[in-house]
Amino acid sequence: MPVTPTPAIGSSYRAFPFFFFFLLLLPAAAAPLLLFRLRSPPVAVTAQDNVGLRLGVKYMAFRGLRDADPLDTSVLVLQDRHRSHLVDIEQFQEVLHPRQQMRAFLSMWRMDPRIRPYVIRAGFYGIYRLGHIIIDWPLITILVERWRPETHTFHVPVGEMTITLQDVTVILGLRIDRAAVTGTCVLDVAGLCGELLGVIPPDEALRGSAISIRWLCQQLSTPAPDADEVALQRSARGFILALIGSFLFADKKGVHVHLCFLPLLRDLTQTSSYSWGGAVLAHTYRELCRVSMDRRRSISGCITLIQLWSWERLHVGRPDFGRSVAYPVPPFPHALHDEDVDVVPGYVADGVDDVLPVQQAIEPEGEPEGEPKPALPLGCRWRVPLTRVHNPSSVLLLYRDQLDAQTSDQVLWQPYIGELVDHLPDICLAAQDIWRTMSPLICFEIVEWHHPERVLRQFGMH
(Lines give C-alpha, C1' and ligand atoms only; values in the text may rest on other atoms or scores of the structure.)
Protein backbone atom coordinates (compact mmCIF):
# COMPACT_ATOMS: atom_id res chain seq x y z
CA MET A 1 0.00 0.00 0.00
CA PRO A 2 1.70 3.25 -1.05
CA VAL A 3 2.25 5.78 1.67
CA THR A 4 2.24 9.51 1.05
CA PRO A 5 5.75 10.79 1.80
CA THR A 6 6.22 13.63 4.25
CA PRO A 7 7.38 16.72 2.36
CA ALA A 8 10.52 18.47 3.51
CA ILE A 9 10.25 21.81 5.27
CA GLY A 10 9.68 24.54 2.74
CA SER A 11 8.47 22.25 -0.05
CA SER A 12 5.06 22.65 -1.63
CA TYR A 13 2.62 20.81 -3.87
CA ARG A 14 2.45 22.67 -7.13
CA ALA A 15 -0.53 21.67 -9.23
CA PHE A 16 -3.09 23.31 -11.41
CA PRO A 17 -6.74 23.32 -10.25
CA PHE A 18 -7.43 20.65 -12.83
CA PHE A 19 -5.18 18.22 -10.99
CA PHE A 20 -6.89 18.85 -7.66
CA PHE A 21 -10.23 18.22 -9.36
CA PHE A 22 -8.78 15.05 -10.85
CA LEU A 23 -7.64 13.89 -7.42
CA LEU A 24 -11.24 13.93 -6.21
CA LEU A 25 -12.10 11.42 -8.92
CA LEU A 26 -9.28 9.03 -8.00
CA PRO A 27 -9.74 6.09 -5.62
CA ALA A 28 -8.33 6.81 -2.20
CA ALA A 29 -5.57 4.24 -2.66
CA ALA A 30 -4.28 5.88 -5.82
CA ALA A 31 -4.17 9.45 -4.56
CA PRO A 32 -0.84 9.13 -2.71
CA LEU A 33 0.85 8.00 -5.91
CA LEU A 34 -0.14 11.13 -7.79
CA LEU A 35 0.74 13.30 -4.81
CA PHE A 36 4.20 11.75 -4.81
CA ARG A 37 4.71 12.66 -8.44
CA LEU A 38 3.47 16.20 -7.87
CA ARG A 39 5.65 16.63 -4.82
CA SER A 40 8.34 19.22 -5.40
CA PRO A 41 11.97 18.45 -4.62
CA PRO A 42 12.98 19.64 -1.19
CA VAL A 43 14.67 22.73 0.05
CA ALA A 44 18.39 22.06 0.39
CA VAL A 45 18.49 22.99 4.09
CA THR A 46 15.61 23.32 6.51
CA ALA A 47 14.66 26.49 8.33
CA GLN A 48 15.74 25.02 11.66
CA ASP A 49 19.41 25.10 10.69
CA ASN A 50 19.87 28.43 12.45
CA VAL A 51 23.56 27.96 13.19
CA GLY A 52 24.42 27.73 9.51
CA LEU A 53 22.30 30.77 8.75
CA ARG A 54 24.09 32.80 11.41
CA LEU A 55 27.36 31.88 9.73
CA GLY A 56 26.10 33.39 6.50
CA VAL A 57 25.89 30.08 4.63
CA LYS A 58 23.64 30.37 1.60
CA TYR A 59 21.34 27.39 1.03
CA MET A 60 19.52 26.51 -2.17
CA ALA A 61 15.83 25.87 -2.86
CA PHE A 62 14.56 24.04 -5.93
CA ARG A 63 11.56 24.16 -8.25
CA GLY A 64 9.05 21.38 -8.90
CA LEU A 65 9.94 17.80 -9.90
CA ARG A 66 9.65 18.48 -13.63
CA ASP A 67 11.68 21.68 -13.30
CA ALA A 68 14.26 20.91 -10.63
CA ASP A 69 16.69 23.71 -11.41
CA PRO A 70 17.73 25.83 -8.42
CA LEU A 71 15.52 28.84 -7.73
CA ASP A 72 18.65 30.81 -6.85
CA THR A 73 21.58 30.21 -9.19
CA SER A 74 24.02 32.56 -7.46
CA VAL A 75 25.73 29.57 -5.80
CA LEU A 76 24.68 26.53 -7.84
CA VAL A 77 25.94 27.96 -11.11
CA LEU A 78 26.67 24.65 -12.85
CA GLN A 79 23.13 23.28 -13.08
CA ASP A 80 23.02 23.27 -16.89
CA ARG A 81 25.93 20.80 -16.91
CA HIS A 82 25.01 18.91 -13.77
CA ARG A 83 24.01 15.25 -13.93
CA SER A 84 20.73 15.98 -12.11
CA HIS A 85 19.62 18.23 -14.98
CA LEU A 86 19.79 15.29 -17.39
CA VAL A 87 18.02 13.01 -14.90
CA ASP A 88 15.17 15.51 -14.42
CA ILE A 89 14.47 15.66 -18.14
CA GLU A 90 14.66 11.83 -18.29
CA GLN A 91 17.66 11.69 -20.58
CA PHE A 92 20.04 9.88 -18.26
CA GLN A 93 18.96 6.76 -16.38
CA GLU A 94 22.20 4.78 -16.40
CA VAL A 95 23.93 3.35 -13.34
CA LEU A 96 27.57 4.33 -12.89
CA HIS A 97 30.21 1.74 -13.79
CA PRO A 98 32.69 0.43 -11.20
CA ARG A 99 36.35 1.35 -11.17
CA GLN A 100 37.69 -0.44 -8.10
CA GLN A 101 39.87 -3.53 -7.94
CA MET A 102 40.12 -4.35 -4.25
CA ARG A 103 38.78 -7.86 -4.68
CA ALA A 104 41.20 -8.62 -7.51
CA PHE A 105 44.10 -7.28 -5.46
CA LEU A 106 43.22 -9.37 -2.40
CA SER A 107 42.80 -12.50 -4.49
CA MET A 108 46.23 -11.97 -6.09
CA TRP A 109 48.17 -10.91 -2.99
CA ARG A 110 47.82 -12.71 0.32
CA MET A 111 49.70 -10.70 2.90
CA ASP A 112 52.77 -12.55 4.17
CA PRO A 113 52.62 -12.67 8.00
CA ARG A 114 56.19 -11.40 8.12
CA ILE A 115 55.26 -8.05 6.58
CA ARG A 116 52.24 -7.59 8.85
CA PRO A 117 54.15 -5.55 11.48
CA TYR A 118 55.33 -3.11 8.80
CA VAL A 119 51.79 -2.66 7.45
CA ILE A 120 50.51 -2.00 10.97
CA ARG A 121 53.31 0.46 11.69
CA ALA A 122 52.59 2.33 8.44
CA GLY A 123 48.92 2.74 9.43
CA PHE A 124 47.31 0.70 6.65
CA TYR A 125 46.34 -2.47 8.47
CA GLY A 126 42.76 -1.26 9.08
CA ILE A 127 42.35 -0.63 5.35
CA TYR A 128 43.59 -4.14 4.61
CA ARG A 129 41.18 -5.69 7.12
CA LEU A 130 38.28 -3.65 5.75
CA GLY A 131 38.91 -5.61 2.57
CA HIS A 132 36.46 -5.91 -0.31
CA ILE A 133 32.89 -4.75 0.27
CA ILE A 134 30.32 -5.21 -2.49
CA ILE A 135 29.54 -1.84 -4.02
CA ASP A 136 25.88 -0.91 -4.40
CA TRP A 137 26.13 0.96 -7.69
CA PRO A 138 22.57 2.35 -7.76
CA LEU A 139 23.26 3.85 -4.32
CA ILE A 140 26.52 5.43 -5.50
CA THR A 141 24.69 6.75 -8.56
CA ILE A 142 21.94 8.55 -6.64
CA LEU A 143 24.52 10.08 -4.29
CA VAL A 144 26.47 11.41 -7.28
CA GLU A 145 23.24 12.90 -8.62
CA ARG A 146 22.85 14.79 -5.34
CA TRP A 147 26.47 15.99 -5.13
CA ARG A 148 27.09 19.66 -5.85
CA PRO A 149 30.63 20.69 -6.90
CA GLU A 150 29.91 24.29 -5.87
CA THR A 151 29.45 23.42 -2.18
CA HIS A 152 31.07 19.96 -1.82
CA THR A 153 27.87 18.65 -0.25
CA PHE A 154 25.03 16.25 -1.06
CA HIS A 155 21.76 18.17 -1.46
CA VAL A 156 19.13 15.85 0.05
CA PRO A 157 15.52 16.50 1.13
CA VAL A 158 16.40 17.33 4.72
CA GLY A 159 19.29 19.64 3.93
CA GLU A 160 22.93 19.44 2.98
CA MET A 161 25.17 16.57 4.08
CA THR A 162 28.74 15.64 3.22
CA ILE A 163 31.65 13.34 3.95
CA THR A 164 33.88 15.12 6.44
CA LEU A 165 37.29 14.55 7.99
CA GLN A 166 35.46 12.98 10.93
CA ASP A 167 33.88 10.35 8.67
CA VAL A 168 37.18 9.48 6.98
CA THR A 169 39.14 8.94 10.19
CA VAL A 170 36.36 7.03 12.00
CA ILE A 171 35.38 4.79 9.06
CA LEU A 172 38.84 4.15 7.59
CA GLY A 173 41.12 4.77 10.57
CA LEU A 174 43.43 7.14 8.65
CA ARG A 175 45.22 10.18 10.07
CA ILE A 176 43.73 13.56 9.17
CA ASP A 177 46.34 15.88 10.67
CA ARG A 178 50.10 16.53 10.31
CA ALA A 179 51.98 16.58 6.97
CA ALA A 180 50.06 16.74 3.69
CA VAL A 181 50.32 13.92 1.17
CA THR A 182 52.21 15.75 -1.56
CA GLY A 183 55.52 15.87 -3.38
CA THR A 184 56.87 15.73 -6.90
CA CYS A 185 55.33 13.67 -9.67
CA VAL A 186 58.48 13.93 -11.82
CA LEU A 187 60.28 10.74 -10.87
CA ASP A 188 63.32 8.68 -11.73
CA VAL A 189 61.25 5.51 -12.02
CA ALA A 190 64.15 3.07 -12.39
CA GLY A 191 66.19 4.57 -9.54
CA LEU A 192 63.20 4.90 -7.18
CA CYS A 193 61.90 1.38 -7.76
CA GLY A 194 65.38 -0.11 -7.56
CA GLU A 195 66.01 1.57 -4.20
CA LEU A 196 62.65 1.07 -2.47
CA LEU A 197 61.28 -2.06 -4.17
CA GLY A 198 64.46 -3.85 -5.17
CA VAL A 199 63.22 -4.40 -8.73
CA ILE A 200 63.11 -2.21 -11.84
CA PRO A 201 59.85 -2.43 -13.80
CA PRO A 202 59.98 -3.06 -17.56
CA ASP A 203 58.27 -0.67 -19.95
CA GLU A 204 55.25 -2.93 -20.32
CA ALA A 205 54.58 -2.69 -16.56
CA LEU A 206 54.44 1.11 -16.70
CA ARG A 207 51.91 3.61 -17.88
CA GLY A 208 53.71 6.92 -17.61
CA SER A 209 54.68 7.16 -13.94
CA ALA A 210 52.08 4.58 -12.88
CA ILE A 211 53.00 0.96 -12.27
CA SER A 212 50.96 -2.19 -12.81
CA ILE A 213 49.50 -3.60 -9.59
CA ARG A 214 49.59 -7.11 -11.07
CA TRP A 215 53.30 -6.75 -11.83
CA LEU A 216 53.95 -5.61 -8.25
CA CYS A 217 52.15 -8.71 -7.01
CA GLN A 218 54.15 -11.00 -9.27
CA GLN A 219 57.45 -9.54 -8.11
CA LEU A 220 56.94 -8.86 -4.38
CA SER A 221 54.06 -10.92 -2.98
CA THR A 222 56.20 -13.91 -1.96
CA PRO A 223 59.38 -12.98 -0.08
CA ALA A 224 62.03 -15.70 0.11
CA PRO A 225 61.91 -17.93 3.21
CA ASP A 226 65.25 -16.49 4.34
CA ALA A 227 64.40 -12.88 3.41
CA ASP A 228 66.14 -10.27 5.54
CA GLU A 229 64.60 -7.10 6.94
CA VAL A 230 65.45 -5.05 3.84
CA ALA A 231 63.67 -7.55 1.58
CA LEU A 232 60.63 -7.69 3.87
CA GLN A 233 60.39 -3.90 3.94
CA ARG A 234 60.50 -3.83 0.15
CA SER A 235 57.71 -6.38 0.00
CA ALA A 236 55.71 -4.33 2.53
CA ARG A 237 56.18 -1.18 0.43
CA GLY A 238 54.93 -3.02 -2.64
CA PHE A 239 51.92 -4.34 -0.71
CA ILE A 240 50.99 -0.90 0.66
CA LEU A 241 51.50 0.73 -2.74
CA ALA A 242 49.18 -1.82 -4.38
CA LEU A 243 46.66 -1.33 -1.55
CA ILE A 244 46.74 2.43 -2.14
CA GLY A 245 46.11 1.95 -5.86
CA SER A 246 43.37 -0.66 -5.44
CA PHE A 247 41.37 0.96 -2.65
CA LEU A 248 42.25 4.53 -1.65
CA PHE A 249 43.28 6.19 -4.93
CA ALA A 250 42.09 3.80 -7.62
CA ASP A 251 42.57 5.17 -11.14
CA LYS A 252 40.01 5.04 -13.92
CA LYS A 253 40.79 1.40 -14.72
CA GLY A 254 41.90 0.32 -11.27
CA VAL A 255 44.92 -1.62 -12.50
CA HIS A 256 47.78 0.88 -12.01
CA VAL A 257 49.01 2.98 -9.10
CA HIS A 258 51.03 6.18 -9.44
CA LEU A 259 54.58 5.94 -8.16
CA CYS A 260 54.36 9.42 -6.62
CA PHE A 261 53.16 7.67 -3.43
CA LEU A 262 56.26 5.48 -3.19
CA PRO A 263 58.66 8.12 -1.71
CA LEU A 264 56.21 8.51 1.20
CA LEU A 265 56.82 4.82 1.99
CA ARG A 266 60.58 5.19 2.22
CA ASP A 267 60.59 5.15 6.03
CA LEU A 268 57.67 2.96 7.09
CA THR A 269 57.94 4.22 10.66
CA GLN A 270 57.06 7.73 9.40
CA THR A 271 54.47 6.79 6.77
CA SER A 272 51.58 6.96 9.25
CA SER A 273 52.46 10.58 10.12
CA TYR A 274 51.04 11.87 6.82
CA SER A 275 47.45 13.05 6.46
CA TRP A 276 46.28 10.10 4.41
CA GLY A 277 42.70 10.74 5.48
CA GLY A 278 42.80 14.31 4.21
CA ALA A 279 44.30 13.13 0.92
CA VAL A 280 41.61 10.45 0.46
CA LEU A 281 38.89 13.03 1.12
CA ALA A 282 40.42 15.47 -1.38
CA HIS A 283 40.59 12.74 -4.02
CA THR A 284 37.02 11.62 -3.25
CA TYR A 285 35.70 15.17 -3.55
CA ARG A 286 37.47 15.60 -6.89
CA GLU A 287 35.98 12.37 -8.25
CA LEU A 288 32.46 13.26 -7.07
CA CYS A 289 32.80 16.67 -8.71
CA ARG A 290 34.06 15.16 -11.96
CA VAL A 291 31.40 12.47 -12.23
CA SER A 292 28.50 14.75 -11.23
CA MET A 293 29.04 16.82 -14.37
CA ASP A 294 27.80 16.04 -17.88
CA ARG A 295 27.40 12.40 -18.93
CA ARG A 296 30.18 10.70 -17.03
CA ARG A 297 29.65 6.95 -16.74
CA SER A 298 32.34 5.76 -14.32
CA ILE A 299 33.75 6.77 -10.98
CA SER A 300 37.05 5.80 -9.37
CA GLY A 301 38.78 6.55 -6.09
CA CYS A 302 37.71 5.35 -2.64
CA ILE A 303 34.16 4.37 -3.54
CA THR A 304 33.84 2.22 -0.43
CA LEU A 305 34.15 5.35 1.72
CA ILE A 306 31.16 6.93 -0.04
CA GLN A 307 29.05 3.81 0.48
CA LEU A 308 29.97 3.27 4.12
CA TRP A 309 29.33 6.95 4.86
CA SER A 310 25.84 6.53 3.39
CA TRP A 311 25.18 3.32 5.33
CA GLU A 312 26.19 5.00 8.58
CA ARG A 313 23.90 8.01 8.07
CA LEU A 314 21.12 7.28 5.54
CA HIS A 315 18.44 4.61 5.39
CA VAL A 316 18.49 4.20 1.60
CA GLY A 317 20.07 0.90 0.59
CA ARG A 318 21.44 0.19 4.07
CA PRO A 319 21.84 -3.55 4.89
CA ASP A 320 19.46 -4.49 7.68
CA PHE A 321 22.00 -5.85 10.12
CA GLY A 322 20.69 -3.76 13.00
CA ARG A 323 22.59 -0.96 14.66
CA SER A 324 23.70 -2.43 17.96
CA VAL A 325 26.57 -0.89 19.90
CA ALA A 326 28.75 -3.91 19.17
CA TYR A 327 29.64 -5.52 15.87
CA PRO A 328 27.14 -7.99 14.37
CA VAL A 329 28.48 -11.44 13.65
CA PRO A 330 26.73 -13.51 10.96
CA PRO A 331 25.97 -17.22 11.38
CA PHE A 332 28.95 -17.95 9.09
CA PRO A 333 31.90 -16.24 10.82
CA HIS A 334 34.36 -18.30 8.79
CA ALA A 335 33.27 -16.35 5.72
CA LEU A 336 34.83 -13.25 7.22
CA HIS A 337 38.23 -14.93 7.16
CA ASP A 338 38.15 -15.29 3.40
CA GLU A 339 39.00 -12.08 1.55
CA ASP A 340 37.29 -13.34 -1.60
CA VAL A 341 33.84 -14.02 -0.12
CA ASP A 342 31.12 -11.65 -1.32
CA VAL A 343 27.97 -13.68 -0.94
CA VAL A 344 26.99 -16.64 1.21
CA PRO A 345 24.31 -18.47 -0.82
CA GLY A 346 20.90 -18.34 0.81
CA TYR A 347 22.16 -16.29 3.72
CA VAL A 348 20.04 -13.39 4.97
CA ALA A 349 21.50 -11.47 7.88
CA ASP A 350 18.26 -9.99 9.19
CA GLY A 351 17.67 -10.54 12.88
CA VAL A 352 21.22 -11.40 13.84
CA ASP A 353 21.42 -11.55 17.63
CA ASP A 354 25.01 -12.52 18.31
CA VAL A 355 27.39 -9.63 18.79
CA LEU A 356 31.09 -9.48 19.53
CA PRO A 357 33.71 -6.74 19.63
CA VAL A 358 35.30 -6.06 16.27
CA GLN A 359 38.57 -7.79 17.16
CA GLN A 360 36.71 -11.08 17.68
CA ALA A 361 34.24 -10.61 14.85
CA ILE A 362 36.73 -10.33 12.00
CA GLU A 363 39.99 -11.70 13.32
CA PRO A 364 42.04 -12.62 10.25
CA GLU A 365 43.00 -16.21 9.65
CA GLY A 366 46.56 -17.14 10.44
CA GLU A 367 47.33 -14.37 12.95
CA PRO A 368 50.67 -14.99 14.68
CA GLU A 369 50.18 -16.47 18.14
CA GLY A 370 50.76 -14.13 21.06
CA GLU A 371 50.97 -10.92 19.04
CA PRO A 372 48.65 -8.04 19.97
CA LYS A 373 45.71 -7.64 17.64
CA PRO A 374 45.26 -4.00 16.65
CA ALA A 375 41.87 -2.36 16.99
CA LEU A 376 40.12 -1.81 13.68
CA PRO A 377 38.22 1.22 12.30
CA LEU A 378 34.45 1.46 12.29
CA GLY A 379 34.15 0.58 8.61
CA CYS A 380 34.98 -3.02 9.47
CA ARG A 381 31.56 -3.39 11.11
CA TRP A 382 30.13 -3.64 7.59
CA ARG A 383 32.53 -6.43 6.64
CA VAL A 384 29.80 -9.05 6.49
CA PRO A 385 28.49 -11.23 3.66
CA LEU A 386 25.83 -9.48 1.60
CA THR A 387 23.18 -11.07 -0.57
CA ARG A 388 21.11 -9.57 -3.33
CA VAL A 389 18.35 -9.21 -0.73
CA HIS A 390 20.48 -6.47 0.82
CA ASN A 391 22.21 -5.21 -2.29
CA PRO A 392 19.78 -5.26 -5.23
CA SER A 393 21.29 -4.56 -8.61
CA SER A 394 18.44 -2.78 -10.44
CA VAL A 395 16.88 -0.40 -7.95
CA LEU A 396 17.96 3.03 -9.20
CA LEU A 397 14.41 4.38 -9.46
CA LEU A 398 13.46 2.90 -6.10
CA TYR A 399 16.45 4.53 -4.41
CA ARG A 400 15.64 7.88 -6.01
CA ASP A 401 12.08 7.71 -4.72
CA GLN A 402 13.23 6.70 -1.24
CA LEU A 403 15.68 9.57 -1.08
CA ASP A 404 13.04 12.01 -2.37
CA ALA A 405 10.73 10.91 0.45
CA GLN A 406 13.41 11.09 3.13
CA THR A 407 12.54 12.77 6.42
CA SER A 408 14.84 14.16 9.08
CA ASP A 409 14.11 11.35 11.54
CA GLN A 410 15.45 8.84 8.99
CA VAL A 411 18.89 10.45 9.09
CA LEU A 412 21.52 9.55 11.68
CA TRP A 413 23.09 12.97 12.06
CA GLN A 414 25.56 11.79 14.71
CA PRO A 415 26.22 8.05 14.30
CA TYR A 416 29.62 8.00 16.03
CA ILE A 417 28.62 8.28 19.67
CA GLY A 418 28.37 6.17 22.80
CA GLU A 419 29.65 2.64 23.14
CA LEU A 420 29.83 2.22 19.37
CA VAL A 421 33.22 3.96 19.30
CA ASP A 422 34.69 2.38 22.45
CA HIS A 423 36.56 -0.31 20.50
CA LEU A 424 38.03 1.99 17.87
CA PRO A 425 41.77 2.65 17.61
CA ASP A 426 43.01 5.92 19.07
CA ILE A 427 43.68 7.38 15.63
CA CYS A 428 39.92 7.36 14.86
CA LEU A 429 39.14 9.82 17.65
CA ALA A 430 42.32 11.87 17.58
CA ALA A 431 42.48 15.38 16.10
CA GLN A 432 38.87 16.12 16.97
CA ASP A 433 39.81 19.79 17.10
CA ILE A 434 40.07 19.85 13.29
CA TRP A 435 36.94 17.86 12.45
CA ARG A 436 35.12 21.15 11.83
CA THR A 437 37.99 23.07 10.28
CA MET A 438 37.34 24.97 7.04
CA SER A 439 40.53 24.32 5.11
CA PRO A 440 41.92 23.01 1.83
CA LEU A 441 42.39 19.25 1.50
CA ILE A 442 45.55 18.27 -0.36
CA CYS A 443 46.54 15.21 -2.37
CA PHE A 444 49.49 16.13 -4.59
CA GLU A 445 48.04 18.36 -7.35
CA ILE A 446 44.47 17.98 -6.05
CA VAL A 447 43.26 20.74 -3.71
CA GLU A 448 39.62 20.73 -2.60
CA TRP A 449 37.91 22.69 0.18
CA HIS A 450 36.45 21.13 3.30
CA HIS A 451 33.12 22.80 4.18
CA PRO A 452 31.89 21.50 7.55
CA GLU A 453 30.18 24.84 8.23
CA ARG A 454 27.46 23.79 5.78
CA VAL A 455 26.65 20.55 7.66
CA LEU A 456 26.81 21.57 11.32
CA ARG A 457 23.96 19.22 12.22
CA GLN A 458 26.43 16.37 11.62
CA PHE A 459 28.35 17.75 14.60
CA GLY A 460 25.33 18.28 16.86
CA MET A 461 25.15 22.02 16.21
CA HIS A 462 21.61 23.09 15.33
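In this predicted model, the largest nonpolar core has 112 residues. Leu172, Leu216, Leu248, Phe261 and Ile299 are the members with the most contacts inside this core. Helix α12 hands over the largest share of the core, ten residues. Looking at the protein as a whole, 55% of its 462 residues are buried. The chain folds into 17 helices and ten strands. Contacts also reach a long way along the sequence: of those between residues at least 6 apart, 79% join residues at least 24 apart. What is left on the outside is an accessible surface of about 19,600 Å², and 55% of that area belongs to carbon and sulfur atoms.

Helix α10 shows how a helix can turn one side inward. Covering residues 189-196, α10 has Val189, Leu192, Cys193 and Leu196 as its buried residues. These four sit on the same side of α10 because they cover an arc of only 90° around the axis. The background is simple: an α-helix has 3.6 residues a turn, so residues three or four places apart point the same way. The partners of the buried residues of α10 are β4 (206-207), β5 (210-212) and α12 (229-248), against which they pack. After α10 comes Gly198, with a positive phi near 80°.

Two other residues with a positive phi are not glycines. In general, most residues other than glycine have a negative phi. Arg178, in the loop between α9 (165-172) and α10, has a positive phi near 70°. With a relative accessible area of 60%, Arg178 is exposed. Asp294 belongs to the loop between α13 (276-291) and α14, and its phi is positive too, near 60°. The relative accessible area of Asp294 is 29%, making this residue partly exposed.

Next come the strands. Strands of a sheet pair through backbone hydrogen bonds, either parallel or antiparallel. One open sheet has three strands in the order β1-β2-β3, paired antiparallel. At its edges stand β1 (147-148) and β3 (159-161), each with a single partner strand, so each has one side without a neighbour in the sheet. Strand β2 (residues 153-156) is joined to β3 by three bridges, and Phe154 stands opposite Met161 of β3.

Strands β9 and β10 (residues 446-449) also pair antiparallel, this time over four bridges. Within this pair, Ile442 has Val447 in β10 as its bridge partner. The two faces of β9 (residues 440-443) are unlike in cover: Leu441 and Cys443 make up the covered face, while Pro440 and Ile442 make up the uncovered one. The hairpin formed by β9 and β10 has two residues between the strands, and Phe444 there takes a positive phi near 55°.

A couple of buried residues show who meets whom inside the fold. Pro149 lies in the loop between β1 and β2 and counts as buried, at 15% relative accessibility. Leaving out residues up to four places away in sequence, Pro149 touches Leu78, His82, Cys289, Ser292 and Met293. The chain also brings Pro149 and Arg290 together from 141 residues apart, with 8.2 Å between their C-alpha atoms.

Gln307, a residue of helix α14 (residues 303-313), is buried at just 1% relative accessibility. With neighbours within four places in sequence set aside, the residues in contact with Gln307 are Ile133, Ile134, Ile135, Asp136, Leu139 and Ile140.

Finally, what about the cysteines? A disulfide is a covalent bond between the sulfur atoms of two cysteines. A search of the whole structure turns up zero disulfides. Cys185, for example, is in none, and the nearest cysteine sulfur, that of Cys260, lies 4.4 Å away. That is beyond reach for a pair that has to come within 2.5 Å to count. Cys380 is in no disulfide either, with the nearest cysteine sulfur, that of Cys428, 9.1 Å away. As for cover, Cys185 is partly exposed at 32% relative accessibility, whereas Cys380 is buried, with a relative accessible area of 3%.

Note on methods. Residues numbered from 1 in each chain as written. Predicted model: local features only at pLDDT ≥ 70, side-chain atom pairs only at ≥ 80, totals over all residues. Heavy atoms only, no water. Buried < 20%, exposed > 50% of the residue type's maximum accessible area, 1.4 Å probe, protein only. Arc of directions from axis to C-beta. Contact = heavy atoms within 4.5 Å. Pairing = 2+ DSSP bridges. Areas by Shrake-Rupley, 256 points an atom, 1.4 Å probe, with all protein chains shown as cover. Core = buried A, V, L, I, M, F, W, Y, C linked by side-chain atoms within 4.5 Å.
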